[in-house]
Amino acid sequence: MPRLTPQRLVRGTAYILAALMLCHIVLMLNNSKFSNTIPSYLASGSLGSNPVDSVPPDEETSIAGRRRMASIKAIPVELLQRFARPVPQHLPDQFVQSQLPDRPLLTQQLQQPLLLTRTPFNFTPVEDPLPLIYSLQNANATAILDAMLAINAEHEILNAQFYNGPITEVIVVQVHDRIGYLYLLIDSLRRVKDVEDCLLVFSHDVYSSAINALVRSIRFARVLQIFYPYTKQIYFDRFPGNDPRDCPRDAGLYRARQLGCNNAEWPDKYGHYRESKYTQTKHHWLYKMNRLFERSPVLANFTGQFVFLEEDHYVVEDLLHMLRLMVAARKDLSQNVEILTLGTYEKKPDFTRNTAQVVVDKWVSSFHNMGMSFSRAIWDQIKPCLPAFCSFDDYNWDWSLNHILTKCTKRPFQTMVIRISPRVFHIGQCGVHHKNKVCNPALLSSKLDRMLANNIAKLYPDQLMFNAKLKIRARALKPNGGWGDLRDRRLCSSFFNSSESPPSGLPYGM
């Protein structure tokens, strides 16, 4: 046994301390991913001032640690009633131009992660014939389908008795089931100047008493609801939902043929089979567009701008003001601009300087899919390319649209986009592509409100300022797959091609 000398004792102690220090550093690095991170434009007191390192727009924001979203929160009736106040025939100025509220009640009530309530919603001003149903039986699915089709057939514009003037713009919101996000979007729309001149269209793929109560409680503008009827909520055990006889996603062609599953011969280009939770969004998007532009009698003669939003967006109060400036400026340009983009994924948006800076560039789905706006005339240019939209092997509607706007149209579409001060923000942190993460949309929206209020003098610019082109380095378009199933392609085509019926005996004409 070697002799223990003072030198060896000191050396051994140093080794032990170094090992302990290394373990401590590793633990700190490992725990850093659980620390609170907030996007740069929400971390500072005002947009553009002393931003911290930013995170990608779709990255999850962790506010209270890695809590599991175990509880189901319902929107309180008191919050809904703010949209349901009586509206006189002639609106007073203070109703139209309401100031940004502090919303203490909202912040207190919605601190917890938000999911759709699973109980019938107790909201007396709105009667809904059906409760929210998640575990469906055939009778309930039939009743929900009947209710969807009845609403679609009525084409009823809510609040029409309050607003008799012409519709200036149509704002379209695609809705799934995140009622907390939808509430915040509606609350931001409530404060948009001139929103009472618009028609708000809510397109749903889930029939929910809670969501219906929220939408039908709106009194600050005209409202139209439409429902996508080929939803998983109804077809929960067969196509377009999850048919147990369909192939598992990663089965592979050889095993799928051995299993004899329904769609064995239709994998995508990567060898995977369809997942209905992803394919439904693309179906819903095209169905919604077809109903708006081709099958809506209330919009048949409307030639103005459509603005397209999603349930997890959040808008700035001068949204329509900026849109109208962009429409007017487009007429003076020497180049064609088909799409106006009101939202961007700018990592460091800035409202402290000139908020009227815009650029014109090629439309790219991953940069310009938020807050898009175009007219019926542009839709008429897109329509001939819809077969390519439905055959493109990508489950994302925006990537599929990117494909046809670069490969099918006479020339790539151009967009005018607000450069560093977007009027549409993305606050969605939980949804189809974000799982098992903590989300707090109320906190994010409250921070946005405070930052916008601090820079209120910079809103409503008199004219736009054109900057040089943004140097967008868009990667080569590579389809994401998930759209190889012949049934998906046929269902997609049936929405615009009257000569083609949906697969599996699904009724046409919904």
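This report describes the sheet, the nonpolar cores and the aromatic contacts of the structure above.

The model is predicted: local features need pLDDT of at least 70, side-chain atom pairs count only at pLDDT 80 or more, and totals for chains, interfaces and linings use all residues. Residues are numbered from 1 along each chain as its sequence is written, and side-chain values use heavy atoms, with hydrogens and water left out.

**Sheet**

Helices (H or I, at least four residues) and strands (E, at least two) are DSSP runs numbered from the N terminus, and two strands pair if DSSP finds at least two bridges between them. An open sheet of mixed pairing is formed by 9 strands in the order 3-2-1-4-8-6-9-7-11. Strand 3 (222-227) and strand 11 (465-466) are its edge strands, each pairing on one side only.

The table lists three of the pairings.

| Strands | Sense | Bridges | Opposite residues |
|---|---|---|---|
| Strand 6 (residues 339-341) and strand 9 | parallel | 3 bridges | Thr 341 and Val 417 |
| Strand 7 (residues 357-362) and strand 9 | antiparallel | 5 bridges | Asp 361 and Thr 415 |
| Strand 6 and strand 8 | antiparallel | 2 bridges | Leu 340 and Ser 373 |

Burial is defined by relative accessible area: buried means under 20%, exposed over 50%, and partly exposed in between (1.4 Å probe, protein chains only). In strand 9 (residues 414-418), 5 of the 5 residues are buried, so this strand is largely enclosed by the rest of the structure. Gln 414, Met 416 and Ile 418 point one way from strand 9, whereas Thr 415 and Val 417 point the other way.

**Nonpolar cores and helix 8**

A nonpolar core is a set of buried Ala, Val, Leu, Ile, Met, Phe, Trp, Tyr and Cys residues joined through side-chain atoms within 4.5 Å. The largest has 55 residues, of which Leu 182, Phe 202, Leu 309 and Leu 464 touch the most other members. Helix 7 (residues 179-190) gives the most to this core, with 8 residues. With contact taken as heavy atoms within 4.5 Å, and residues up to four places away in sequence not counted, Leu 309 touches residues including Ile 171, Val 173, Leu 185, Leu 189, Val 315 and Val 424.

Helix 8 (residues 209-216) has 7 of its 8 residues buried, so it is largely enclosed by the rest of the structure. The buried residues include Ser 209, Ile 211, Asn 212 and Leu 214.

**Aromatic contacts**

Rings of Phe, Tyr and Trp (its six-membered ring) pair if their centres lie within 6.5 Å; planes under 30 degrees apart count as stacked, over 60 as edge-to-face and the rest as tilted. By this rule there are 18 aromatic pairs. Phe 162 and Tyr 163 form an edge-to-face pair, because their ring centres are 6.4 Å apart and their planes stand at 85°; both residues are buried. The rings of Phe 308 and Phe 374 have centres 5.1 Å apart and planes at 35°, so this pair is tilted. Phe 308 lies in strand 4 (residues 305-310) and Phe 374 in strand 8 (residues 372-375), so the pair ties together parts 66 residues apart in sequence. Phe 308 is buried at 6% relative accessibility, as is Phe 374 at 1%. Phe 308 and Phe 374 also belong to one aromatic cluster with Phe 293, Phe 302, Phe 306 and Trp 379.

A charge sits over a ring if NZ of Lys or CZ of Arg is within 6 Å of the ring centre and within 35 degrees of the ring normal. The charged end of Lys 282 sits over the ring of Phe 389, 5.0 Å from its centre. Lys 282 also lies over the face of Trp 483, at 4.1 Å from the ring centre.
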